[in-house]
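Please look over the sequence and the structure shown here before reading on. The paragraphs after them are meant to be read with both in view.

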Amino acid sequence: MTGQLISDEPTTAVLSGVRLAKEIRAEVTTTAATLAEAGVPPRLAVVVATDDESTAWYVRSIANAASKTGIRCDVIDLGAGATPAEIRSELASLSADPSVHGIMLQTPLPGGATVEELAASIAPEKDVDGANPVSLGRLSAGLAAFVPATAAAVLELLEHHEIPLSGRRAVVVGRSNVVGKPAAQLLLRRDATVTVCHRYTRDLTAHTHPAEILVVAVGQVGLIGAEHVSPGAVVIDVGTNPTVDGGLVGDVDETAVTGMVAGLTPVPGGVGPVTTALLLRHTVESASRSTA
Ligand code: NAD
């Protein structure tokens, strides 16, 4: 999908992440095997402190993907009653363990604790989901750092589908530290002209309608409909909302915008699989650096 974004073409490309995720996992598998042969088997630790079912499902999917690529994945379940001090202590001990290369702290967290506070205990060089404020600060400053995997997946998908970014009007809906803000930073880094919308944005349509690239990361079914987009826009739907029948839908009303926008990521099968693959890529990158 190169060249002119705005066109009269009434078709909408499905910007799948499945093939890209497969390519990334294949590359990770090769690197993980080389590392294991060199005596550095890559290892990811996921710290969980919740009984939430959808979190358990997500963590299982990371562990499965990790084991298929040759990465050992330990899920450390501290239970929903864990205190912030216990979580910090676990993160610090994993940070000090030379056999662990990647550390992830899963949300939700108990008792109002925030990822921003607790993730400061993850060593930045093992912070494969870019949650430590140091990683986020380095990203803002344009310095090398692990980037939150979901935000990185948005950019990987745009690149994979050859969407031009330089000078384009990009609008990000959502400003969380895990998706919206880092996605905006990455788009800025690629010379897009970026607008960030959030829950207090007045007249969302006025902001999203001119977007050539629209990234939606809110967690609200049907937030973005036909009135929010222009013909020819490229829409990345990060939202994942569980349905009553056990499925998943995004934030964008797929039926309403299909035939109007130039491209749309499916949910599931868009940003999600690329996010998981990038977490694994970050883990082998960290393991590779640990040998240098
Ligand atoms: P969050 O709750 O931390 O942030 C939501 C953001 O949406 C906030 O910045 C808020 O200001 C904004 N918002 C809320 N209502 C709005 C409105 N009416 N108009 C405009 N903005 C509004 O959520 P998050 O962690 O950033 O996740 C966002 C979505 O992305 C969720 O559905 C989550 O499940 C999904 N997600 C998907 C992946 C993946 O791999 N596909 C990974 C992480 C998160």
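What follows goes from the domains to two helices, then to two residues, and finally to the ligand.

The model is a predicted one, and the features described below should be read with that in mind. An automatic or database assignment divides the protein into domain 1, residues 39-123, and domain 2, residues 149-271. The centres of domain 1 and domain 2, taken over C-alpha atoms, are separated by 28 Å.

Helix α2, which covers residues 53-69, is a suitable place to begin within domain 1. Its 17 residues, at 1.5 Å a residue, should span 24 Å, and because the C-alpha atoms at its ends are 25 Å apart, the expected span and the model agree. Within α2, the buried residues are Thr55, Val59, Ile62, Ala63, Ala65, Ala66 and Thr69. These residues cover an arc of only 165 degrees around the axis, and therefore they lie on the same side of α2. The other side of α2 carries the exposed residues Glu53, Trp57, Ser67 and Lys68. As for what the buried residues of α2 pack against, the partners are the helices α1 (18-37) and α10 (271-290), together with the strands β2 (43-48), β3 (72-77) and β4 (102-105). Just after α2 comes Gly70, which takes a positive phi of about 90 degrees.

Two residues allow this packing to be followed in detail. Thr69 lies in helix α2, and because its relative accessibility is 3%, below the 20% cut-off, Thr69 counts as buried. When its neighbours within four places in sequence are left aside, Thr69 is in contact with Arg25, Val28, Thr29, Ala32 and Leu280. Cys73, by comparison, is found in strand β3, and its relative accessibility of 18% is the reason why Cys73 also counts as buried. With its neighbours within four places in sequence again left aside, Cys73 is in contact with Leu44, Val46, Ala63 and Ala66; of these, Ala63 and Ala66 are among the buried residues of α2. Pro108, by contrast, stands 35 residues from Cys73 in sequence, and the two are 20 Å apart in space, C-alpha to C-alpha.

Helix α5, made up of residues 133-140, can be read in a similar way. Its buried residues are Ser135, Leu136 and Leu139. Seen down the axis of α5, these buried residues fall within an arc of 95 degrees, so they line one face of the helix. The buried residues of α5 pack against α7, which covers residues 180-189. At the start of α5, a side-chain oxygen of Asn132 reaches to within 2.8 Å of the backbone nitrogen of Val134, and after the helix comes Gly142, whose phi is positive, near 80 degrees.

Which residues come nearest to the ligand? Among the 20 residues around the ligand, they are Thr150, Arg175, Ser176, Arg199 and Thr240. For Ser176, a polar side-chain atom lies 2.5 Å from an oxygen atom of the ligand. In the case of Arg199, a polar backbone atom is 3.0 Å from an oxygen atom of the ligand. Thr275 likewise offers a polar side-chain atom, which lies 3.2 Å from an oxygen atom of the ligand.

Definitions and conventions:
Residues are numbered from 1 along each chain as its sequence is written. This is a predicted model: local features need pLDDT of at least 70, side-chain atom pairs count only at pLDDT 80 or more; totals for chains, interfaces and linings use all residues. Side-chain values use heavy atoms; hydrogens and water are left out. Buried means under 20% relative accessible area, exposed over 50%, partly exposed in between (1.4 Å probe, protein chains only). Helices (H or I, at least four residues) and strands (E, at least two) are DSSP runs, numbered from the N terminus. The arc is that of the directions from the helix axis to the C-beta atoms. Contact means heavy atoms within 4.5 Å. A polar contact is a pair of N or O atoms within 3.5 Å; within protein, one must be able to donate a hydrogen and the other to accept it, and residues adjacent in sequence count only if both atoms are side-chain atoms. The expected span of a helix is 1.5 Å times one less than its number of residues. A residue is near a molecule or strand if one of its heavy atoms lies within 4 Å of it.
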